Every structure is written in structure tokens, then in C-alpha cells.
Amino acid sequence: MTADMGQEPIGKLIWKMSVPSVVGVLAYNVYNLFDTIFVSRWAGMDAVGGVAVSFPLFLVLSAVSSTLGGGAASVAARALGENNGEEAARAAGNAMALYYLTAAAVTVFGLLFLEPLLYAMGVTDALLPYAKRYMRIILLGAVTGTGFSSLIRAEGSSRYAMCIWVIPMSANIAFDILFIAGLRLGETGAALGTVLAQSISMGMSIYYFFLSGKSVLKLSRRHFIPDREVLREILLIGIPSFLQTAGYGISILAVNVFLKKYGDTSDIGTYGIVSKINLLLLFPVTGLAQGIQPIIGYNHGAGGEERVWKTLRLALRVFAVYGIAAYLAVFLGPRGLLRLFTEETAVIEAGSEILRIVNCGLAFCGMQYIQAAYFQAVGKKLAAAVLALCGQALCFIPAAAVLSRCLGRQGIWISFPAAAVLAFAVSSFCVASVGAKR
């Protein structure tokens, strides 16, 4: 199956690798939407605000899994392209061992300093009890936070990688119905459903790698013994994934802090809903990036640079079209999306305006994400790291600081498209520089 990545037509290969990834990411984002819908309908906007303001801390856990999974997947894909199965297995084993150790440390640190961390993220006194109840359970379940689908995808098993998203997230929706709508546990029920669904994903991962016989990475105990060089490569390559996920968390944190200064508690809850809709809008680019990374990594390792560049160009064209179409849909019908979450007129009106403004740069944001994924896949560590932080942090935070001071809340929303355009210009320059050296 891995050999297909060096032989099949690029368009067909992108379709085969990306569609399962897109479906998997869609499942995750649909779960996120349902989580927020159930909490808002059965627990109220303060509960939504409590979950939303604590979301950056949740993203730290996701960032750790993205770092190790993305880094190990890049190393493994290139090793498989070079016919080096032992190196690929060592990367997978080392990544898994380090993740579980790190997750345990995050749990201990997060529980010990939970309240100061939440205040640093912009929580208000009214939202603090909701945020604490949600995050305690999320932190206790941190070790279940990943099924290493990126490693499964690096082998070419994109369908199983899709299932490891779809099945747990479908279960999560069922848990939401039970815990939130049925037992009325509010944000506590949302956290319980998340951890139980993650446990299913973790179980599916254990089955795939150790029991099914499907994995080409024949893992044994020796592959889990720390290897300094392998871990260094994984971390250096995975840092962009960490920065990309952490950067999104940082941008949410920054918005919450600015809203605490220029807005009020209701603004934080409204933005909590808007941010979940934005994640849904971006799911195709996340899935496409996950789908093309093993293709680019394998062909780069095998010396097929023409296939690498053809993959990148086609992916950029696909998302340019999608970004324009998705923004038109948001511009024309934001109220319908917001009514899924609430019937409060003030929230719908404010959220509609926010959605229209922040998504002006959707196409630029997506294409910049694809370009950053290229640099990670080929192992260009510094460029990948800088580009991963570019849109969500390096460009967004200064823009938001300046514009919010001048325009108040409105300046915060305008900062999103401004940062997206600037970040795309930077990443396009980096890609053009690499292309000029060919």
C-alpha cells in the first residue's frame, strides 16, 4: 500500500488519502458542534462560555499529540519511502512512549494549577465554576488523548485512520445525548463524553498496532526504548504541529483576554460558538493537509520531487475554490448556523456579524495551512515552525492588539482576515524561494 504513494496518479492519490482524512476531521468537528449545541441548549450560555474559555488548555493536550504524531508520521513516511522499516517503527514507538509520559505530566501540572491557568486564559468569576468542572475531567483523561491516526495514515491505511476518528466521535455524540440532554450534567457531561470517546480511539489504536496484524510497523519493546536522535528528529519536525495547534489556542486565549477588556461575559460565550463554526469550516483543509503529508513525505524520501510539487499545487487549487465557496455560504446564511445553538436574538445578531468578518480571509488561511504542511512533510523544520505560528499568533496577536485599541471589539474581528492575508503572503514567499532553488 505504501508503494502506491510513489506510483499512482497524483489526483487519484490525493483523493484516496484525503477523503478519509476529511471524513475523520469532519466527525471530530461535528462532535465539537454537537458538544456546544447540547451545552448551550441544556446548560445555558454561561456553561458555553466556561467551556470556551478553557478550550486553549484542552488544545495544549491536542498540541502534544499533534507534535509527536505529526513528527513521527513525517519520519516514518520518509523512512518507508527509503525502505527502512526499522527506522519507521522506532519513530512510532518513541513517539508513543513520550506521549503517555507527557500526558501524565500535563495531568498533574494542570490539576495543581488549574485555577491560575484559567484566570490567565481570561476566565471571569461567573464562568470559573463551569470551566473548572469541565477541565478537571479532561485533564484526568489526558492519557486517552490520541489514537495516533497520523502514524496509521503514514503507512497508507487512510481508511482505518478515518475510522479511528469517526467511530469514537459518533460515540461521543451518543454520550452527549445521554449525559447532557438526558442526565442534564451540562459541561461535566460534555467532558465525560469526550474522555470516554477518546478511550475508544485509544483502544482502536492499540488493536491496530499490536493485535490486528495490519500494521507494517512491526512494533516490539525495543522500539519504545528512548533513542535521542529519533526523538530529536520527531520533536524538531513535530514542533510545527504543536505550534499550529497551540497557535490556535493562543489566538482563542488572546481573543478571550481582549474581550474581557473590551467586551463582557456574553461576548466570550458568543465567540465560543463562532470559534466552533470556524473549526467546522476549516475541516476540509485539515483533512487535505493530513492526506497530502504522507504523499509528500514518501515521494520526498524516494527522490520524486516532481510528484511532491504537483501534489502541493493541486492541493492549493482545491482549497482556493473551497475557501471562496465556503465564505459565500457563511456570508449569505450565518443566522441559520447560529440558530442550531441558541434562540437568543442578541447572540444570533452578534454572532452573524462576527462570522462574516472573521471568515473574510478563509481561503488565504487554508492555503497558508497547506503550505505549512508541505514544509513539515519534507522535514524543513525552521520554515515549518515559523509558518505554523504565523497566522494564528505572530500575525494575529499584534494585529488584534493594535486594532482592538483603535476599534474596540470590532478591531478584534477585523484582525482575523488581516492576519490570514499577511500569513499567506509570508508562506507564499517561502514556497517560492524553495521552488526557485530547484
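This section describes a buried serine, a kinked helix and an internal cavity in a predicted model.

Ser65 lies within helix H2, which spans residues 45-81. The relative accessible area of Ser65 is 11%, and because the limit for a buried residue is under 20%, Ser65 counts as buried. Leaving aside residues up to four places away in sequence, the contacts of Ser65 are with Gly70, Tyr99, Gly145 and Thr146.

Helix H11 comprises 19 residues, 283-301. The distance from the first C-alpha of H11 to its last is 28 Å, close to the 27 Å expected at 1.5 Å a residue. The helix is nevertheless kinked by about 25° at Ile292, shortly before the proline Pro294. Of the 19 residues of H11, 16 are buried, so the helix is largely enclosed by the rest of the structure. Just after H11, Gly303 adopts a positive phi of about 85°.

Five cavities of 30 Å³ or more were counted in the model. The second largest cavity has a volume of about 90 Å³. Its lining consists of Asp35, Thr36, Val39, Val48, Val51, Ala52, Tyr134, Ala190, Gly272 and Lys276. At least two lining residues come from each of helix H1 (10-42), H2 and helix H10 (265-281); H2 is also the helix in which Ser65 is found. In terms of residue class, six nonpolar, two polar and two charged residues line the second largest cavity. Asp35 and Lys276 are among the lining residues, and Asp and Lys both count as charged.

Notes:
Residues numbered from 1 in each chain as written. Predicted model: local features only at pLDDT ≥ 70, side-chain atom pairs only at ≥ 80, totals over all residues. Heavy atoms only, no water. Helix = DSSP H or I, 4+ residues; strand = E, 2+ residues; numbered from the N terminus. Buried < 20%, exposed > 50% of the residue type's maximum accessible area, 1.4 Å probe, protein only. Contact = heavy atoms within 4.5 Å. Expected span 1.5 Å × (residues − 1). Bend = angle between axes of the 7 residues up to and from the residue. 1 Å grid on protein atoms, 1.4 Å probe; cavity = no way out; pocket = protein on both sides within 12 Å on 5 of 7 lines; lining within 4 Å. Points joined across faces, edges and corners; volume = space filled by probe spheres on them.
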